[in-house]
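This briefing is to be read with the structure open beside it. Find each residue as it is named.

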Amino acid sequence: MLVGGQGTRLRPLTMSAPKPMLPVAGVPVTAHMLARARDAGIDRVVLATSYKAEVFEAYFGDGAAHGLELAYVTEAEPMGTGGAIRNVASYLRSGPDEPVVIFNGDILSGLDIRAIVARHTSSGAAVTLHLTEVADPRAFGVVPTDPDGWVTAFLEKTPDPPTNLINAGCYVFRRSVIDQIPAGRPVSVERETFPGLLAAGVRIAAYLDNSYWLDLGTPAAFVKGSRDLVTGLIASSALPGPVGEALVLPGASVAADAKISGGSTIGAGAIVAAGAEVDGAVLFDGATIGAGAIVRDSVIGRDAVLGDGVVADGVVIGDGARIEPGNELRSGLRVFPGAVLAAGAVRFSSDRS
Ligand code: GTP
């Protein structure tokens, strides 16, 4: 599982925690992914870490509490997606012709993991890619296929995509293919390994699975993913509570007349004061929402404080930031960790603090 990226699109949240460790629906993204892997019969996972590597082992330990055996391999310098896969080769226990499942660590998906492995094995492919169909594929790796389901090209973020099928970030590799990725230098599996294999005539199979799929890499997607887990649109056995309108974690305090809806998560120790409305939002642990404040489609970082009557709609508030009363934050605004917005500093603005 690849969990070493910098997560630049999710800044400033990723300034204090790596993206795969940010809590969606109460637990790290990685916890949901590991649960899916375990539920599909996988019993050992190697985490390829780089950025803020130490926090993964501190949280997951040897994996026993998650029903898995976990190993950690940290790159001294980020090796990119392909380099990270190559870097864990000596930790893999599969034989040369056996399958290894690779997961990008920032995807929420209903992919049938057993089925993609079965298809990989029966087709004899060197690599099998999970593809999914999206309305606008321009921001993704586009993967055209032939009528028999073999990949014909790999086009990373192209302005004029020939198909709506994209690389969904889960691969099954024949073990020997991993050993052939160049060692000791950064490699992108999307830009180098896959195009290189195709150019060499190696057969890459497509596995189309159009069940739930979401790349959690942007703030809007992050909020949506958390909501969808809480409301049960995508199932996860790692969800720390029953499916419903909201997930209120132990130690959170919500005033009787506050309204919590839309699949919001209220983190441990968070406070939602009287008359506040929290709709489709994610409050990290220890966040405080003042009386009468409105928080919608937003992420409120750890220990951040929103004053009475503040409006936060479609924004990201970094850890420990303080938004004083009289602010109205909208349209993708991001407040950096620890920043203080004085009373009335922002109204209807998309400025950055
Ligand atoms: P952005 O900077 O916002 O694009 O996010 P990112 O750094 O996570 O990059 P991207 O979403 O393209 O990465 C896909 C997956 O590969 C994520 O799960 C990353 O954690 C992981 N990843 C990306 N680069 C590296 C790397 O150099 N080493 C390791 N171990 N994992 C990586």
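Which residues have the most contacts inside the largest nonpolar core? They are Met1, Val45, Phe103 and Phe222, in a core of 50 residues. The model is a predicted one. The points below start with this core, go on to two helices and the ligand, and end with single residues.

**The nonpolar core**

- The elements that give two or more residues to the largest nonpolar core are α1, β3 (44-49), α2 (54-60), β4 (69-74), α4, β10 and α7 (219-231).
- Helix α1 supplies the largest share of this core, namely six residues.

**Helix α1**

- Helix α1 is mostly covered, with eight of its 11 residues buried.
- The buried residues of α1 are Val29, Thr30, Ala31, His32, Met33, Leu34, Ala35 and Ala37.
- Gly41, just after α1, has a positive phi of about 95 degrees.

**Helix α4**

- Helix α4 covers residues 113-123, and its buried residues are Ile113, Ile116 and His120.
- Viewed down the axis of α4, these buried residues fall within an arc of 65 degrees, so they line one face of the helix.
- The general rule behind such a pattern is that an α-helix has 3.6 residues a turn, so residues three or four places apart point the same way.
- Arg114, Thr121 and Ser122 are exposed, and they sit on the face of α4 turned away from its buried side.
- The packing partners of the buried residues of α4 are α1 (29-39), β5 (99-103), β7 (127-133), β10 (165-174) and β11 (204-208).
- At the N-terminal end, α4 is capped by Asp112, which has a side-chain oxygen 3.3 Å from the backbone nitrogen of Arg114.
- Gly124 follows α4 and has a positive phi, near 75 degrees.

**The ligand**

- The ligand is surrounded by 19 residues, and the closest of them are Leu2, Thr8, Glu75, Gly80 and Gly105.
- Two backbone contacts reach oxygen atoms of the ligand: a backbone N or O atom of Gly7 lies 3.0 Å from one, and a polar backbone atom of Arg9 is 2.8 Å from one.
- Lys19 makes a contact through its side chain, where a polar atom lies 2.9 Å from an oxygen atom of the ligand.
- On its own the ligand has 620 Å² of accessible area, and the protein covers 83% of this.

**Asp215**

- Is Asp215 buried or exposed? Its relative accessible area is 18%, and the cut-off for buried is under 20%, so Asp215 is buried.
- Asp215 is part of strand β12 (residues 213-215).
- A polar side-chain atom of Asp215 lies 2.9 Å from the backbone nitrogen of Gly217.
- Beyond its neighbours within four places in sequence, Asp215 is in contact with Arg9, Asp106, Ile107, Phe140 and Ala221.
- One of these contacts, Arg9, also has a polar backbone atom 2.8 Å from an oxygen atom of the ligand.

**Three prolines**

- Pro99 is in strand β5 and is partly exposed, with a relative accessible area of 31%.
- Not counting residues up to four places away in sequence, Pro99 touches Ser94, Val117, His120, Thr121, Val172 and Phe173.
- Among these, His120 is a buried residue of α4, whereas Thr121 is an exposed one.
- Pro99 and Phe173 are 74 residues apart in sequence, yet their C-alpha atoms are 5.6 Å apart in space.
- Pro242 is found in the loop between α7 and β13 (246-248), and it is exposed, with a relative accessible area of 66%.
- The C-alpha atom of Pro242 is 8.9 Å from that of Gly232, which is 10 residues away along the chain.
- Pro12 belongs to the segment before β1 (23-24), and a cis peptide bond with omega of about 5 degrees joins Arg11 to Pro12.

**Positive phi outside glycine**

- Lys52 is not a glycine, but its phi is positive, about 50 degrees.
- Lys52 lies in the loop between β3 and α2, and at 25% relative accessibility it counts as partly exposed.
- Asp297 is another residue other than glycine with a positive phi, near 45 degrees.
- Asp297 lies in the loop between β21 (294-296) and β22 (299-300), and it is partly exposed, with a relative accessible area of 35%.

How values were computed: Residues numbered from 1 in each chain as written. Predicted model: local features only at pLDDT ≥ 70, side-chain atom pairs only at ≥ 80, totals over all residues. Heavy atoms only, no water. Buried < 20%, exposed > 50% of the residue type's maximum accessible area, 1.4 Å probe, protein only. Helix = DSSP H or I, 4+ residues; strand = E, 2+ residues; numbered from the N terminus. Arc of directions from axis to C-beta. Contact = heavy atoms within 4.5 Å. Polar contact = N/O pair within 3.5 Å; in protein donor to acceptor, adjacent residues only side chain to side chain. Near = heavy atom within 4 Å. Areas by Shrake-Rupley, 256 points an atom, 1.4 Å probe, with all protein chains shown as cover. Core = buried A, V, L, I, M, F, W, Y, C linked by side-chain atoms within 4.5 Å.
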